[in-house]
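Subject: Structure for you to look at

Hi,

Here is the structure I said I'd pass on. Have a look, and my notes follow underneath.

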Amino acid sequence: MDAIMDKAVHACRICQGDVKYMGATDFNKSGSDHFEGRRVFPPSLIQVDYYRCQQCGFMFTPYFDDWSDKDFERQVYNNEYLKADPPFAGERAARLAQFLTRALGDDLRDESLLDFGGGEGHLERLLRRQGFSDCATYDPHHHANCKKPSRIYSLVTTFEVVEHVSDQHNLFKELCSLVAPNGSLLLSTLLQPRDIEMQGVDWWYACPRNAHMAFHTRRSLQHVLQAHGFYLESLSDELHIAFRRPNAVSNRFLSLGAASVQVNDTICAD
Ligand SMILES: [Zn+2]
């Protein structure tokens, strides 16, 4: 291990705990492979290393650390990216819009909403159609919505964003700064399975072709949110609500419990 690599991985990026090498996987392993039961892209010549914290369980790769937006556009979010995303990803916005509409009901429809990382604003459009008039999209990496909002929101959502970001503390600092004092943050990211030590980098969600670089346990997610003054409640292994203090919106999601919505559909899995 050379000195630069050692510097990048010598401690956990969430809690500073000791990290362990988990192995390497082919850059072209994609999220679709698991659902299609085959490799969608041909093997590449690049191996991507993953590490895991021995304290909080956070798992990550430093591989993308120095990538620019241009690098991501060329090598990940290019015209073949749709092939890497699991088959249900295209319907995700519709499913989430339906879920949010049902969850917030008529009484919370006037709450202000921000979808963080929502690309060109598909979810926002669907929510507006359902009568949510105070909603917006912010996506630092999408030209149409890259202007940072100068206000705060009752509910900030961020779906399937966390695992694509290298600097987690910075991401959560930004997310939390957009949430009103009495507001909530609703996020999805799939937590590691119980047998992650056995699965290692073979876990389907550890797919470099999708730029999946950061994977939480409940403990690591709690740790990073606590650092920004938020409590965490998980509604399922993939959907989580965070807040500084319980409020109308967080209580609503908590009352729905685990069966609220599926973000990473497993209907195609074995
Ligand atoms: Zn850690």
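Starting with the whole chain: 39% of the 270 residues of the protein chain count as buried (20 or more other C-beta atoms within 10 Å of a residue's own; exposed means 12 or fewer, partly exposed is in between, and C-beta atoms are placed from the backbone). Bear in mind that this is a predicted model, where local features need pLDDT of at least 70, side-chain atom pairs count only at pLDDT 80 or more, and totals for chains, interfaces and linings use all residues. Residues are numbered from 1 along each chain as its sequence is written.

On confidence, the average pLDDT (the predictor's confidence in each residue, from 0 to 100) is 91 for the protein chain, with 92% of the residues at 70 or above. The stretch to be wary of is 266–270, where pLDDT stays under 50. Where pLDDT is low, the predicted coordinates should not be read in detail.

The protein chain has ten helices and ten strands (DSSP runs numbered from the N terminus: helices are H or I with at least four residues, strands are E with at least two). Its radius of gyration is 18 Å, close to the 18 Å from the globule rule for 270 residues, so the chain is as compact as a globular protein of that length (taken over C-alpha atoms; the rule is 2.2 Å times the number of residues to the power 0.38). The C-alpha trace spans about 55 × 35 × 35 Å along its principal axes.

Now the sheets. Four strands form an open, antiparallel sheet in the order 1-2-3-8 (two strands pair if DSSP finds at least two bridges between them). Strand 1 (19–26) and strand 8 (214–215) are at the edges with a single partner strand each, so one side of each has no neighbour in the sheet. Strand 8 is joined to strand 3 (residues 59–60) by two bridges, with Met-59 opposite Phe-215. Elsewhere, strand 9 (residues 231–234) and strand 10 (residues 239–243) run antiparallel with four bridges. A hairpin of four residues links them, and Ser-234 stands opposite His-240.

What about the inside? The largest nonpolar core has 60 residues, and Val-156 and Leu-185 have the most contacts inside it (such a core is a set of buried Ala, Val, Leu, Ile, Met, Phe, Trp, Tyr and Cys residues joined through C-beta atoms within 7 Å). Helix 5 (residues 92–104) gives the most to this core, with five residues. Leaving out residues up to four places away in sequence, Leu-185 touches Val-156, Leu-175, Cys-176, Val-179, Phe-230 and Ala-242 (contact means C-beta atoms, placed from the backbone, within 7 Å). Helix 9 (residues 218–226) also has buried residues, including Leu-221 and Val-224; among what covers them are strand 2 (47–53), helix 7 (168–177) and both hairpin strands, 9 and 10.

Finally, three loop residues. Arg-13, between helix 1 (3–9) and strand 1, is buried because 22 other C-beta atoms lie within 10 Å. Beyond four places in sequence, Arg-13 touches Phe-58, Phe-60 and Gln-168.

The other two have positive phi without being glycine: Glu-160 is near 55° and Ala-211 is at about 60°. Most residues other than glycine have a negative phi. Glu-160 lies between strand 6 (153–159) and helix 7, and Ala-211 between helix 8 (196–199) and strand 8. Glu-160 counts as buried, with 21 C-beta neighbours inside 10 Å, and Ala-211 is buried with 21 such neighbours.

Cheers

Terms used:
Contact = placed C-beta atoms within 7 Å.
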